[in-house]
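Student: I should like to go through this model and ask, for each label, what justifies it.
Tutor: Please proceed; the sequence and the structure are shown first.

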Amino acid sequence: TGFTLDDLVGIKGPLAPARVLHILDQVCGSLAEAHGKGLIHRDVKPANIMLCERGGLHDVVKVLDFGLVKESGADDPHVTQTNVLVGTPQYMAPEVISAPGQASPKSDIYAIGAVAYYLLTGNNVFGGASTVEICAMHLHDAPVPPSERTAEPLPADLEAIVLQCLEKDPDKRPGSAAALGSALHACALFGRWSAR
């Protein structure tokens, strides 16, 4: 039992940066394991990340709904033939929008950046009146820095990582989920979130 990050932000609003670091580190660990087995999630979003209590520990992360998982490098005939977008537009990487079916570990990293943005600000990276409008923004618009969308100050090191994850060019994003986890560990507030 537990609650999703979507539920948590809906109730509490934006989360403390130290808590966001604690959560993202675990998400990176889960995705690094999946990517290491050649699997791509393709639908990383707050509604698919649950916080649980386990063995007296709080904020234990479970990444849910691997139903859209794809083997890295494997073609998905259904997607490529019908040219259907797979995933949730608010968390979808630009390269997946422009070439449906071409998800990679870097697409999941983009989604982690979009999740982090939501956790820190209570807002999606881009809001639009339609799926088409949101997708166009992911393809062409630079995100407003999260620090400009929240009343609370955000650590510059964490904000820089979030914006790097949201780079349009996959090669400018962290090299892997493990590398992203290492960058999070280097943040000044990492390890400051405790059970207390």
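**Labels and their grounds**

Tutor: From the N terminus on, the elements of the protein chain follow the order β-α-α-β-β-β-β-α-α-α-α-α-α. The model is a predicted one, and its secondary structure comprises eight helices and five strands.

Student: How many residues does the protein chain have, and what share of them is buried?
Tutor: The protein chain has 196 residues, and buried residues make up 46% of them. About 9300 Å² of the chain is exposed, with carbon and sulfur atoms supplying 52% of that area. Among contacts with a separation of 6 or more, 70% are between residues 24 or more positions apart.

Student: Why is Cys 135 called buried?
Tutor: The label requires a relative accessible area under 20%. Cys 135 has 5% relative accessibility, and therefore counts as buried. Cys 187 is also at 5%, so the label buried applies to Cys 187.

Student: How many disulfides does a search of the whole structure find?
Tutor: The search finds zero disulfides. The criterion is a pair of cysteine sulfur atoms within 2.5 Å, and no pair in the structure was found to satisfy it.

Student: What is notable about the phi of Arg 42?
Tutor: Phi of Arg 42 is near 75°, a positive value in a residue other than glycine. Most residues other than glycine have a negative phi. Arg 42 lies in the loop between strand 2 (39-40) and strand 3 (49-54).

Student: Why is Arg 42 classed as buried?
Tutor: Its relative accessible area is 13%, and the cut-off is under 20%; Arg 42 is therefore buried.

Student: Where is Asp 59 placed, and what is its phi?
Tutor: Asp 59 is in strand 4 (residues 57-63). Its phi is near 60°, again a positive value in a residue other than glycine. With a relative accessible area of 7%, Asp 59 is therefore buried.

Student: How do you know that Glu 159 has no salt bridge?
Tutor: A salt bridge needs a side-chain nitrogen of Lys or Arg within 4 Å of a carboxyl oxygen of Asp or Glu. For Glu 159, the nearest side chain of opposite charge is that of Arg 149, 10 Å away. Set against the 4 Å cut-off, that distance means that Glu 159 has no salt bridge, although Glu 159 is buried.

Student: Which residues does Glu 159 touch, apart from those up to four places away in sequence?
Tutor: Glu 159, in helix 7 (residues 156-165), touches Pro 145, Pro 146 and Ser 147.

Note on methods:
Residues are numbered from 1 along each chain as its sequence is written. This is a predicted model: local features need pLDDT of at least 70, side-chain atom pairs count only at pLDDT 80 or more; totals for chains, interfaces and linings use all residues. Side-chain values use heavy atoms; hydrogens and water are left out. Helices (H or I, at least four residues) and strands (E, at least two) are DSSP runs, numbered from the N terminus. Buried means under 20% relative accessible area, exposed over 50%, partly exposed in between (1.4 Å probe, protein chains only). Lys and Arg count as positive and Asp and Glu as negative; His and the chain ends are not counted. Contact means heavy atoms within 4.5 Å. Accessible areas come from the Shrake-Rupley method with a 1.4 Å probe; for residues, only the protein chains shown count as cover.
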